Amino acid sequence: MLFKNITVIHADGTRLDNMTVGVGDGRFTYIGRDVPEGEWREIIDGSQKLIMPGFVNAHTHVPMTLMRGYGDDMPLERWLFDRIFPFEDKLDGNAVYWGSLLGIAEMLACGTTSFSDMYYFCESIIKAVTQSGIKANIGRGISCFDHTKSFRDLPAYNELTHLIGSFQGAADGRVLVDVAPHSEYTTRPDILSDIAEFAAEHKARIQVHLSETQKEQLESTGRHGKTPASVMLDSGILELPVTAAHCVWITDLDMELLAEKKVTVAHCPQSNLKLGSGIARIAKMRQSGIRVALGTDSAASNNNLDMFQEVKTAALLAKGVSHDPCEMPAGEALYMATRAGALSQGRHDCGDIIQGNRADFVILNTRRPGIAPCHNPLSNLIYAAGAGDVEMTVVDGRILYRNGAFTTLDIERIIYEVDRCVKALV
Ligand SMILES: [Zn+2]
């Protein structure tokens, strides 16, 4: 594939006009002003279009599209215990598979090329990822409420051993398996230590929820005399590459700790707002040297997986809480939503339009009503664009979504099957 006369927006917001971008064997093979030699299967006129890195959704639970709109405007505890947990008790691999495909379809249509997930029935999610062509770090969630059990007694231990053995790096590296202790409040410190040892032994990355609510922060201090971040430190979890979702209530000391241990924070502003959890202090985090990525969290608490909405919310919140319109400029917001997420997944050759990188990208049409005229393509991308402006979503050089149609997914069938699963579950 060769794009001519296209505007390139890099992950940091840098813009280059009238560029030629060549894609072959899953990677960017050429980015420059000339037209390179070679046979091209398709040459696309890129005038009036932008090419940008695909969004990386750094924190979600993709099968929870099944629970979209199933419980809203409720206190967090009631939402979890009256709605989400009873629903999840009845889930099976089939429902998780169809729910995952629905979420993946939604993400592709919104320009997301990779996501980090934490859930269970992971083999069904991996099947959906593999079939769709998207890429994902699949974290097997681990929690334990039984005081007599150790990590090795849990179903998660056997499942993780199997997943890592069978799927680590599967689908040409598109699938990575992460280890995902759910949170401080659902896992004992001794189990966290065993998890840290297990992840180190298997060279796996960690996904965890951290300090999402004030209650969690206070209860951890009551239980252990320390914050969730300190619990993670003392159990050895922070010695591994960690993506910590939320971090709304972390203290200044926690921030120093996370910066020192090179933890990535997955900022999920819409979910935090909708659940009334608060607003993460990402300006201060970034000043402390913490890498901040962006996630939607699940469709049960967001209620969509749209990174255009998420990145705009993140940028506006940063300006609003600091009373400073210069805070979180568009380029920094884009970096958070793309390259920072790819790095948090351990995918160093993803998340930016650079020669040699994996060709994960989105083409936006700038001649749509919501984003014309184009004084500043980057501003339009962050503050004006939406899923409707996505013309093409490409992962590893393969077109997965083009002009409203999916190339690998039968969306009618997916919605039909999701409806069937949901009817059986509710
Ligand atoms: Zn979450």
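Visitor: How many helices and strands make up the secondary structure of the protein?

Guide: In this predicted model, the secondary structure of the protein comes to 15 helices and 17 strands.

Visitor: What makes the protein as compact as a globular protein of its length?

Guide: Its radius of gyration is 21 Å, and the globule rule gives 22 Å for 426 residues; the two values are close, so the protein is as compact as a globular protein of that length. Along the principal axes, the C-alpha atoms fill a box of roughly 65 × 45 × 40 Å.

Visitor: Into which domains is the protein divided?

Guide: Domain 1 covers 2-52 + 359-406, and domain 2 covers 55-344. The C-alpha centres of domain 1 and domain 2 are 29 Å apart. To their contact, domain 1 gives 21 residues and domain 2 gives 25 residues.

Visitor: Which elements supply the side of domain 1 that touches domain 2?

Guide: At least two residues each come from α14 (377-384), β15 (390-395) and β16 (398-402). The largest share, 5 residues, belongs to α14. By class, this side of domain 1 has 13 nonpolar, 4 polar and 4 charged residues.

Visitor: Why is α12 called oblique to α14?

Guide: Helix α12 (residues 330-337) packs against α14 at an angle of about 60 degrees, and their axes are 9 Å apart. An angle of 35 degrees or over is not counted as roughly parallel, and the roughly perpendicular range is 65 to 115. The value of about 60 degrees falls in neither class, and therefore α12 and α14 are oblique to each other. Their crossing is left-handed.

Visitor: Which residues make the contact of α12 with α14?

Guide: On α12 they are A330, G331, A333 and L334, and on α14 they are L378, S379, L381, I382 and Y383. By class, the contact has 7 nonpolar, 2 polar and no charged residues.

Visitor: What makes α11 and α12 oblique to each other?

Guide: Helix α11 (residues 307-322) packs with α12 at an angle of about 130 degrees, with the axes 10 Å apart. The roughly perpendicular class runs from 65 to 115, and roughly antiparallel begins over 145. About 130 degrees lies in neither class, so α11 and α12 are oblique to each other. The crossing in which α11 passes α12 is right-handed.

Visitor: How do you know that the contact of α11 with α12 has no charged residues?

Guide: The residues in contact are M307, V311, A314 and A315 of α11, together with A330, A333, M336 and A337 of α12. Ala, Val and Met count as nonpolar, and by class the contact therefore has 8 nonpolar, no polar and no charged residues.

Visitor: Why is α2 described as oblique to α15?

Guide: The axes of helix α2 (residues 93-109) and helix α15 (residues 411-425) come within 9 Å and cross at roughly 135 degrees. Roughly antiparallel requires an angle over 145, and the roughly perpendicular range ends at 115; the crossing angle therefore makes α2 oblique to α15. In passing α15, α2 forms a left-handed crossing.

Visitor: Which residues make the contact of α2 with α15?

Guide: From α2 come N94, A95, W98, G99, L101, L102 and A105. From α15 come I411, I414, I415, E417, V418, C421 and L425. By class, the contact has 11 nonpolar, 2 polar and 1 charged residues. Glu counts as charged, so E417 of α15 belongs to the charged class.

Notes:
Residues numbered from 1 in each chain as written. Predicted model: local features only at pLDDT ≥ 70, side-chain atom pairs only at ≥ 80, totals over all residues. Domains from an automatic or database assignment. Contact = placed C-beta atoms within 7 Å. Helix = DSSP H or I, 4+ residues; strand = E, 2+ residues; numbered from the N terminus. Axes fitted to C-alpha atoms, helices over the stretch in contact; angles between N-to-C directions. Left-handed = near helix turned anticlockwise from the far one by under 90°. Rg over C-alpha atoms; globule rule 2.2 N^0.38 Å.
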